[in-house]
Amino acid sequence: MNDCATFGGFVKTVRLANGITAREASQCAEMLPSNFSKLEHGVLNPPKDAIKQKKLANAVGVKLGTATEIEFFDLAAKATNSVPVDIAEIISDDDAVPLLLRTIGNKRLSKDDIKRLIEIVRSGGNAARKS
């Protein structure tokens, strides 16, 4: 299964789980019903535009702040070979984040180093103080 088909299947599964018809979802997402069908069948790529992605997520009943929302954006990003829109917003909201990512990239940190860095961030810096 290709990445567009995976995303489309996910969209359809979420939509059906929320009791939303394809026509209702297409109208809410401001898409032609035929294009919405193509999207669900993996023929049409997900939109790259953040506003359109969020409108589509809302149209199929994706709840904000849930694992489903994260999976929606991650699958859309994989299908469009781009950064998930929620991550792109985090990056653009703080000048330090691109610097952090470039530093990580330039230092060629190992996966273990990145895991330790994540733990430091999650602990509010307490993990670094204990060392």
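## No disulfides here

The structure holds zero disulfides, a disulfide being a pair of cysteine sulfur atoms within 2.5 Å. As for the cysteines Cys4 and Cys28, Cys4 counts as buried at 10% relative accessibility, while Cys28 is partly exposed at 34%. Here, buried means under 20% relative accessible area, exposed means over 50%, and partly exposed is in between (1.4 Å probe, protein chains only).

One thing to know early on: this is a predicted model, where local features need pLDDT of at least 70, side-chain atom pairs count only at pLDDT 80 or more, and totals for chains, interfaces and linings use all residues. Residues are numbered from 1 along each chain as its sequence is written, and side-chain values use heavy atoms, with hydrogens and water left out.

## The overall build

If you like helices, you're in luck: the chain has nine of them and zero strands. Helices (H or I, at least four residues) and strands (E, at least two) are DSSP runs, numbered from the N terminus. The radius of gyration, taken over C-alpha atoms, is 18 Å, well over the 14 Å that the globule rule gives for 131 residues, so the chain is more spread out than a compact globule. That rule is 2.2 Å times the number of residues to the power 0.38. Along the principal axes, the C-alpha atoms fill a box of roughly 55 × 30 × 25 Å.

Of the 131 residues, 28% count as buried. Take the contacts with a separation of 6 or more, and 58% of them are between residues 24 or more positions apart; contact means heavy atoms within 4.5 Å.

## A buried glutamate

Glu40 sits in helix H3, which covers residues 33-40. With 8% relative accessibility, Glu40 counts as buried. Setting aside its neighbours within four places in sequence, Glu40 is in contact with Gly8, Gly9, Val11, Lys12 and Arg15.

## Two loop residues with positive phi

Most residues other than glycine have a negative phi. Glu30 has a positive one, near 60°, and its place is in the loop between helix H2 (22-28) and H3. Glu30 is also exposed, with a relative accessible area of 62%.

Asn81 has a positive phi too, near 55°. You'll find Asn81 in the loop between helix H5 (67-80) and helix H6 (85-93), and at 74% relative accessibility Asn81 counts as exposed.
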